[in-house]
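Q: Please take a close look at one part of this model. Start from its outer side, work inwards, and then set it against the rest of the chain.

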Amino acid sequence: MAVERLIAYPLYLIHDDDWEDDEWRDDFRASLHRFQARDLRSHRHVGFQTGSGRARVAELGKELAQKLKAIARREIVVSRGLELLRQRRWEDTARELRRGKLEEEARLCERLAAELNAGRPQQAAALLSEAPPGWMDEGWRWVGELLGEERKAKGERAKREEEARKAAEAARKAEEARLASVARLQESARSSAPFKALQVDRTGAAWQKRKKVLDQLATTTPDPVQALAILKEYQTTTRNGADLWFLREQLRKIAAGQWPGAVSTELGRQAEAQAAEIFSHIPGADLDRAKRIIRWVQVPKADGALEYTAGSPPTDADRDNDELQHRVRFASGFYVMDAPVTNALYECFDPAHSADRHSFGGTLPQKDQDYVPAYNLTWYEAQMFAEWIGTDVGSAGCRLPVEAEWEYFCRAGSTTAYHTGPTTDDLERAGWYRGNSGGHPNPVQQKEANAWGLYDCHGNVWEWCMDELRAYPKELLILDPRDLRSCPTLSRDNV
């Protein structure tokens, strides 16, 4: 019994080590039992009561303990090696295995690392057939599964890359075909009769002739594809506000399907997008240049009222009969430019407008008119200029004022004929008119500003308003500058 206890003692220690791998523990137990049975049988003739027998048993127990300790150390090394292997740290795994004297396994790991680092997973997989059985069986199985998954993933990636290549090639060919089609349409548009007619007279004064060509486009070009090509091509050649207004009307007709030829859904979307980007051909740098010129003023001032009396009293000397006085109330204040739009500012939008400057019999040379209020402009040009400026001021946009707004900021809280007073002498201080202008418009901001800091509200040039000339209302007029759909003097088309 003493011999059994002595030999079983290292096994007891192993059991107390809390090994997690039952398979390894069973292997140790089986090895121990075989060692015990073999050595005890070979020394049975010596006898257990002799001193030599006891010494041999002690020696065997010590040897077994050393072997089991070596096995335990190796198992720790293998456990660390497996952890490093799963992190794909191949060289670290090899070093760890070499610490555990697993030289063959370490060399295999290094060869695997060399193949994988060289991008040869198939050769790496082939090396697994040389893997020595035993300690690293679990690790080699994991590597095999990993390489199989990587081969599968690589095959799938290759398949996806090939599909992407084919899709890109198909897209390239489709784009080439589209561009070729666009080029043919552009060439056809430029050689069409309507496009040539639009190029005959590009002066501002000839806007009605060009409007007529655009209005007749549905008749001259019933094919909506060709018509859209003409409109797109013409848009790139003009910055005249009236041209852009009427051109956009035709685009909206195509978008709404109001064309002799059938309009496909896709063509309608193209026309709608083109109408929404009516200013897209104008460089952003020109808008930036215009913004540097403009100064916005908030009205009313902090102490200003949102309600005033519009119209003129019967006592005003130059009063027209239709200037019935009436109350106007605003739901909110708004912003207005501090001076009329000058030639320099307007020509940021349409440089060709400089050709429409007059010399006024030599009294005002064209080259000296940059800071004169822009003149010879249609309502459509003024409206489109305001809209263009508004593309960069947020969702509220920018527009012409309605007459009730114009009179409100012109008066700036005053109740007399002019914001400087009731007489012609007061007008002399406020603006340019027949008596002091020299027969031509004059640069802005040369006269007194009104109480809200606005210049040239009186005289100099006529100014466009957004609404139509209609009879003044007798009752209170309530306006919301943020939403003019309720304005009675505004036609539906202009909202």
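A: Start with helix H9. Gln208, Lys209 and Lys212 are exposed, on the side of H9 away from its buried residues. This is a predicted model, so every value below is computed from predicted coordinates.

Now turn the helix over. H9 spans residues 207–215, and its buried residues are Trp207, Arg210, Val213 and Leu214. Viewed down the axis of H9, these buried residues fall within an arc of 120°, so they line one face of the helix.

What covers that face? Several helices take part in covering the buried residues of H9. They include H8 (193–198), H10 (217–220) and H11 (224–235). H12 (241–255) and H16 (379–390) are also among them.

One buried residue of H9 is charged. Arg210 forms a salt bridge with Asp243, with 2.8 Å from N to O. Arg210 belongs to H9 and Asp243 to H12, so the bridge ties together parts that are 33 residues apart in sequence. Both partners are buried. H12 therefore appears twice in this account: it is among the helices that cover the buried residues of H9, and it holds the partner of Arg210.

Follow H12 further. Ile254 sits in this helix. Its relative accessible area is 0%, so Ile254 is buried, the cut-off being under 20%. Beyond its neighbours within four places in sequence, Ile254 is in contact with Pro224, Ala227, Leu228 and Leu231. The list goes on with Trp259, Val263, Gly268 and Ala271. Take Pro224 from that list. Pro224 and Ile254 are 30 residues apart along the chain, yet their C-alpha atoms are separated by 6.8 Å.

Other salt bridges give a useful comparison. The whole structure holds 26 of them. One joins Asp338 and Arg295, whose closest N and O atoms are 3.0 Å apart. This pair also links distant parts of the chain, 43 residues apart. Asp338 is in the loop between strand E4 (334–337) and H15, and Arg295 is in the loop between helix H14 (284–293) and strand E1 (296–299). Asp338 is buried, at a relative accessible area of 9%. Arg295 is partly exposed, at 44%.

A further bridge joins the side chains of Arg357 and Asp370, at 2.8 Å from N to O. Both residues lie in the loop between H15 and H16, so this pair ties together parts 13 residues apart in sequence. Arg357 is buried, with a relative accessible area of 8%. Asp370 is partly exposed, at 33%. Arg357 has other neighbours too. Not counting residues up to four places away in sequence, Arg357 touches Asn343, Glu347, Gln366, Lys367, Gln369, Asp370 and Tyr375. Elsewhere, Glu169, Arg172 and Glu176 are linked in a network of salt bridges.

Next, the nonpolar interior. The largest nonpolar core has 68 residues. Phe279, Val299, Val328, Phe349, Trp388 and Leu479 touch the most other members. Another core, of 13 residues, lies apart from it and includes Ala94, Leu102, Cys109 and Val143. Return to Leu479 in the largest core. Leaving aside its neighbours within four places in sequence, Leu479 is in contact with Val328, Arg329, Phe330, Ala331, Val402, Ala404 and Cys487.

Now zoom out. The chain has 18 helices and five strands. It runs to 495 residues, and 41% of them count as buried. Among contacts with a separation of 6 or more, 66% join residues 24 or more positions apart. The Arg210–Asp243 bridge, at 33 residues apart, is one link across such a separation.

Last, confidence. The mean pLDDT of the chain is 82, and 78% of the residues reach 70 or more. Residues 1–21 have pLDDT below 50, and this stretch makes 28 contacts beyond near neighbours in sequence. Residues 32–50 are also below 50, with 20 such contacts in the model. Where pLDDT is low, predicted coordinates should not be read in detail.

How values were computed:
Residues numbered from 1 in each chain as written. Predicted model: local features only at pLDDT ≥ 70, side-chain atom pairs only at ≥ 80, totals over all residues. Heavy atoms only, no water. Buried < 20%, exposed > 50% of the residue type's maximum accessible area, 1.4 Å probe, protein only. Helix = DSSP H or I, 4+ residues; strand = E, 2+ residues; numbered from the N terminus. Arc of directions from axis to C-beta. Contact = heavy atoms within 4.5 Å. Core = buried A, V, L, I, M, F, W, Y, C linked by side-chain atoms within 4.5 Å. Salt bridge = Lys/Arg side-chain N within 4 Å of Asp/Glu carboxyl O. pLDDT = per-residue confidence, 0-100.
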